[in-house]
Amino acid sequence: MRSLSTWAVIVLGLLAVAAVSFISATNDFSLSGIPFHPERIVEIKNLTVLGYRGIHPTWQIKARYTWSGYDKSTGQFEDLYDGKLYEGDQVVMDQLKAGKGKGDSQREWFEAENGVQANVYLYRGQRVRQLALQAGKMFYNANLRKTIVQDQVRLRYESAQIFTEEAEINHETNTVIVSKGFIMRDPDRTVYATQLEANLDT
């Protein structure tokens, strides 16, 4: 017997296919260019939804409210209370929470806004680095292997915390890049600076 989450993926997969063009971002947050409120075709409440590309999951989202439009690979979510994002078979983000989110399983991206929280994982061989993330907005692209966070960003790594308005996490090089000013605090000091590129492998 198929699980409820499997049926959810099948339902989303049976939606009519329509081409969705990437357009310039509007006043709605959308680094992908797809607005948060196109026409709704399927609406589901209190469900776990998994997005796949081939046999590999790209995201798994638990949300109070889930819906989809004509594009069968795209899901939109409200009140996300637990989510995971994948790169291949590796979990690159978990315990994802946000007011709103949307993802495209075929193009392998996910974005969220309104009180975003998550754990981020960076891999190098058998070693794993973990960052705690808080932000107003987040965009993850598995193809680019990057996460962009904006608006009241707070990143915590071990005992250090970074506060800024925008940062980029590069999952290929395991670096955190800040170019618009930041405050970094740890138990021994507080640093104010304009730019940062921190390699977490060192």
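Buried here means under 20% relative accessible area. With that cut-off, Glu87 counts as buried because its relative accessible area is 16%. Keep in mind throughout that this is a predicted model.

**View 1. The whole chain, end to end.**
The chain's secondary structure adds up to one helix and 12 strands. Going from the N terminus, the helix comes before the strands. Of the 202 residues, 44% count as buried. The chain exposes about 10500 Å², and carbon and sulfur atoms supply 49% of that. As for contacts between residues at least 6 apart in sequence, 47% of them join residues at least 24 apart.

**View 2. How far to trust the N-terminal stretch.**
Average pLDDT for the chain is 82, with 77% of the residues at 70 or above. Residues 1-29 are another story: pLDDT stays under 50 there, and the model gives this stretch 44 contacts beyond four places in sequence. Where pLDDT is low, the predicted coordinates should not be read in detail.

**View 3. Strands S3 and S4, with their hairpin.**
Here S3 (residues 74-87) and S4 (residues 90-104) run antiparallel, joined by nine bridges. To get your bearings, find Leu80, whose bridge partner in S4 is Ala98. The two strands make a hairpin with two residues between them, and Gly88 takes a positive phi near 65°.

**View 4. On to S5 through a second hairpin.**
S4 also pairs with S5, again in the antiparallel sense, over eight bridges. A handy marker is Lys97, which has Gln117 as its bridge partner in S5. This hairpin has four residues between its strands, and Glu108 in the turn has a positive phi of about 60°.

**View 5. Inside the largest nonpolar core.**
This core has 36 residues, and the members touching the most others are Leu85, Leu96, Phe110 and Met138. Strand S5 (residues 109-124) brings the largest share, six residues. As a rule of thumb, nonpolar side chains in soluble globular proteins tend to be buried together.

**View 6. Glu87 and Arg145 shake hands.**
The model has 11 salt bridges in all. In this one, the side chains of Glu87 and Arg145 meet at 2.8 Å, N to O. Glu87 sits in strand S3 and Arg145 in the loop between S6 (127-141) and S7 (146-157), so the pair ties together parts that are 58 residues apart in sequence. The two ends differ in cover: Glu87 is buried at 16% relative accessible area, while Arg145 is partly exposed at 27%.

**View 7. Arg107 and Asp104.**
Another salt bridge links the side chains of Arg107 and Asp104, at 2.3 Å from N to O. Asp104 is buried, with a relative accessible area of 0%, whereas Arg107 counts as partly exposed at 29%. Side chains of opposite charge can pair when their charged atoms come close.

**View 8. Lys180 and Glu166.**
In this salt bridge, the closest N and O atoms of Lys180 and Glu166 are 3.0 Å apart. Lys180 lies in the loop between S9 (175-178) and S10 (182-186), and Glu166 lies in S8 (residues 160-170), so the pair ties together parts that are 14 residues apart in sequence. Buried or exposed: which is Lys180? Lys180 is exposed, with a relative accessible area of 58%. Its partner Glu166 counts as partly exposed, at 25% relative accessibility.

Definitions and conventions:
Residues are numbered from 1 along each chain as its sequence is written. This is a predicted model: local features need pLDDT of at least 70, side-chain atom pairs count only at pLDDT 80 or more; totals for chains, interfaces and linings use all residues. Side-chain values use heavy atoms; hydrogens and water are left out. A nonpolar core is a set of buried Ala, Val, Leu, Ile, Met, Phe, Trp, Tyr and Cys residues joined through side-chain atoms within 4.5 Å. Buried means under 20% relative accessible area, exposed over 50%, partly exposed in between (1.4 Å probe, protein chains only). Two strands pair if DSSP finds at least two bridges between them. Contact means heavy atoms within 4.5 Å. Accessible areas come from the Shrake-Rupley method with a 1.4 Å probe; for residues, only the protein chains shown count as cover. pLDDT is the predictor's confidence in each residue, from 0 to 100. A salt bridge is a side-chain nitrogen of Lys or Arg within 4 Å of a carboxyl oxygen of Asp or Glu.
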